[in-house]
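Reader: I am new to this structure and would like a close look at a single part of it. Could you take me slowly through one loop and then through the pocket?

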Amino acid sequence: MKQITAIVKPFKLEEVREGLAECGVTGLTVTEVKGFGRQKGHTELYRGAEYVVDFLPKVKVEVVVKDDDVERCIEAIIKAARTGKIGDGKIFITNVERIVRIRTGELDESAV
């Protein structure tokens, strides 16, 4: 089993959620985050003063899927989140050693 963590632009969240739902993902976790990559933030004008916004708002989407579903989910995220402009985000894939559903005590794949 793998955990897929995607950092995407906030306005792309609904499209990403829909794409993952089409892949059979039944649950996900979303966190509002701030950060920057190559774009290094940007400048904005407020009441005539220019200031630098170092950390840009992003959304972190986390899902755990079976190994067989990883590539399909990655493709769905890319299709939904890509704008073709800098700052589209990143996807990280990590191994999941164990899952325990707290309510029932189910383990691993049956706990997803």
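Author: Leaving out residues up to four places away in sequence, Lys-9 touches Lys-58, Thr-83, Lys-85, Ile-86, Gly-87 and Asp-88, where contact means heavy atoms within 4.5 Å. This is a predicted model, in which local features need pLDDT of at least 70 and side-chain atom pairs count only at pLDDT 80 or more, while totals for chains, interfaces and linings use all residues. Residues are numbered from 1 along each chain as its sequence is written, and side-chain values use heavy atoms, with hydrogens and water left out.

Lys-9 sits in the loop between β1 and α1, these elements being DSSP runs numbered from the N terminus (helices are H or I with at least four residues, strands E with at least two). With a relative accessible area of 15%, Lys-9 is buried, a word that stands for under 20% relative accessible area, with a 1.4 Å probe and protein chains only. Lys-12 lies in the loop between β1 (2-8) and α1 (13-22), and Lys-12 is buried, at 11%. Apart from neighbours within four places in sequence, Lys-12 is in contact with Ala-80, Ala-81, Arg-82 and Thr-83.

Turning to the pocket, the lining of the largest one has 12 nonpolar, 4 polar and 5 charged residues, where Ala, Val, Leu, Ile, Met, Phe, Trp, Tyr, Cys and Pro count as nonpolar, Asp, Glu, Lys and Arg as charged, and the others, Gly among them, as polar. Strand β5 (residues 56-65) gives the largest share of that lining, 4 residues.

How values were computed. Buried means under 20% relative accessible area, exposed over 50%, partly exposed in between (1.4 Å probe, protein chains only).
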